[in-house]
Amino acid sequence: MAYLDHNATSPLRPEARTAIERAFAVQGNPSSVHALGRAARALVEEAREDIARLANARAEDVVFTSCGTEANALGLRGAIQGAADTGAPIERVYASAIEHDSILGTVSAIADRATGIQAAIIPVTEGGVVDPDALREMLLGSGARALIAVMAANNETGVVQPLADISRLVRDAGGLLLVDAVQACGRMAMDFSALDADYLTISAHKLAGPQGVGALIVKDGAPFAAQVHGGGQEKGRRAGTENVIGIAGFGAAARACGNDNSTRIAGLRDRFELGLRERFPDVIVFGENAPRLANTSNFALPGIAAETALIALDLDGVMVSSGAACSSGKVKPSHVLAAMSVPASVAMCALRVSLGWNSSEGDIEAALLALEKLGARIAARKAA
Ligand code: PLP
């Protein structure tokens, strides 16, 4: 088995597994004042410190959520309501064209609902980089108070976004910035304090923690209003009894991912792309000239449909992902590649290989061999 789909989910690290097993023994509610409650509280607060350290943020600004999707929705909705409550309402929401559906879906739901808030999409270059000049014009053109969502690194291409430029523009325009760092956090240095963003989101399972737990970091003083009310957990910012077991695993994963060797991972990714080029001279690697996460390779082998390749690779024990999204039985080309002006016929051939803490040279060789076999089979069929 070669698992090369870490951007979908990175398998649980041993450190996270151990922390989860230990947390099972602590069966108190973190809000209870007795000993078991205090023990559970200690696990949650220790993890909060670990996550804050990973993103160079303040622990008190970390709000635990049920996943990255919820963190994004809570950040956007919480910012909008919080800004309205302070008398400086958000009038426009701008999201980059390559944001995850959790951002794009929330933005369109907000704009759809007669809120008076208008939404617009920030274009990207053909290399998959959000275009700061386009954002500058959008911000200057409208004069409205804006909330901007730009991800730190893209989940399909791995392309790292120019956040320093973007945060400067947003600040100059008096707007608010939400950064989806779900793919970036743990895979590249994230410095929330230096970034000058207002909100940042993380998901545990992308850094080899458990699924079903995430975090929203809200900068001290940034507008924010809770969207779920109840027991006042997370300092009133997100009610609901904490997922202590998941949070303990999240904290341990955040601590451990500092030890990942990104040079080793980049070496494996480069070895993979070199092997691809040797076997398939017409391969297209998306975003190859932009700064990319060390672990991600998104490519197309023209003439080999991603659906066919996924099945063939799976039969050979190689697990990758396609750039195409499947909903209601219809496969559509990825919105990320479409935003990069990749023709649909090429986008339908896009495959994503994403590496992580347990990826090995053997995985790369297995993937290359399986692709080579598939290429030979398709060439033979065409020749027949
Ligand atoms: N944001 C990005 C960039 C992602 O890649 C994902 C998941 O793929 C999410 C958000 C959603 O995270 P979760 O799966 O924890 O809901």
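## A tour from strand to ligand to second sheet

Start by selecting Val-62, which stands opposite Ile-217 in β8. This is a predicted model, in which local features need pLDDT of at least 70 and side-chain atom pairs count only at pLDDT 80 or more, while totals for chains, interfaces and linings use all residues. Residues are numbered from 1 along each chain as its sequence is written, and side-chain values use heavy atoms, with hydrogens and water left out.

**The seven-stranded sheet**

Now show β2 together with β8 (residues 214–218): four bridges join them, and they run antiparallel. Strands here are DSSP runs of E with at least two residues, helices are runs of H or I with at least four, and both are numbered from the N terminus. Two strands pair if DSSP finds at least two bridges between them.

Widen the selection to the open sheet of seven strands, ordered β2-β8-β7-β6-β5-β3-β4, with mixed pairing. Its edge strands are β2 (62–65) and β4 (118–122), each pairing on one side only. On average, neighbouring strands are turned by 20° against each other, direction ignored.

**Helices on this sheet**

Add α2, which packs on the sheet and touches β2, β7 (199–203) and β8; contact means heavy atoms within 4.5 Å. The direction of α2 makes about 115° with that of β2. For such angles, axes are lines fitted to C-alpha atoms, for helices over the stretch in contact, and the values run from 0 to 180 degrees between N-to-C directions.

Next, pick helix α4 (residues 101–112), lying across β3 (92–96), β4, β5 (146–149) and β6 (176–180) and running at about 160° to β3.

**The α2–α8 pair**

Which helix crosses α2 at roughly 35°? Select α8 (residues 244–256): its axis and that of α2 (residues 35–55) come within 8 Å and cross at that roughly 35° angle. On the α2 side, the contact includes Leu-43, Ala-47 and Ile-51, and on the α8 side, residues including Ile-247, Phe-250 and Arg-255.

**The ligand**

Center on the ligand, which 14 residues surround, the closest being Gly-68, Thr-69, Asp-180, Ser-203 and Lys-206. A residue counts as near when one of its heavy atoms lies within 4 Å.

Try these distances in your viewer; a polar contact is a pair of N or O atoms within 3.5 Å:

- Gly-68: a polar backbone atom is 2.8 Å from a ligand oxygen atom.
- Asp-180: an N or O atom in the side chain is 2.6 Å from a ligand nitrogen atom.
- His-205: a polar side-chain atom lies 2.9 Å from a ligand oxygen atom.

**The four-stranded sheet**

Finally, show the open sheet of four strands, β9-β10-β15-β12, with antiparallel pairing. The edges are β9 (284–285) and β12 (321–322). Inside it, β10 (residues 296–300) and β15 (residues 350–354) pair over five bridges, with Ala-350 as the bridge partner of Ala-300.

Two helices are worth adding. Helix α9 (residues 262–279) lies across β9, β10 and β15, at about 15° to β10. Helix α10 (residues 306–315) touches β12 and β15, its direction making about 40° with that of β15.

Key: Polar contact = N/O pair within 3.5 Å; in protein donor to acceptor, adjacent residues only side chain to side chain.
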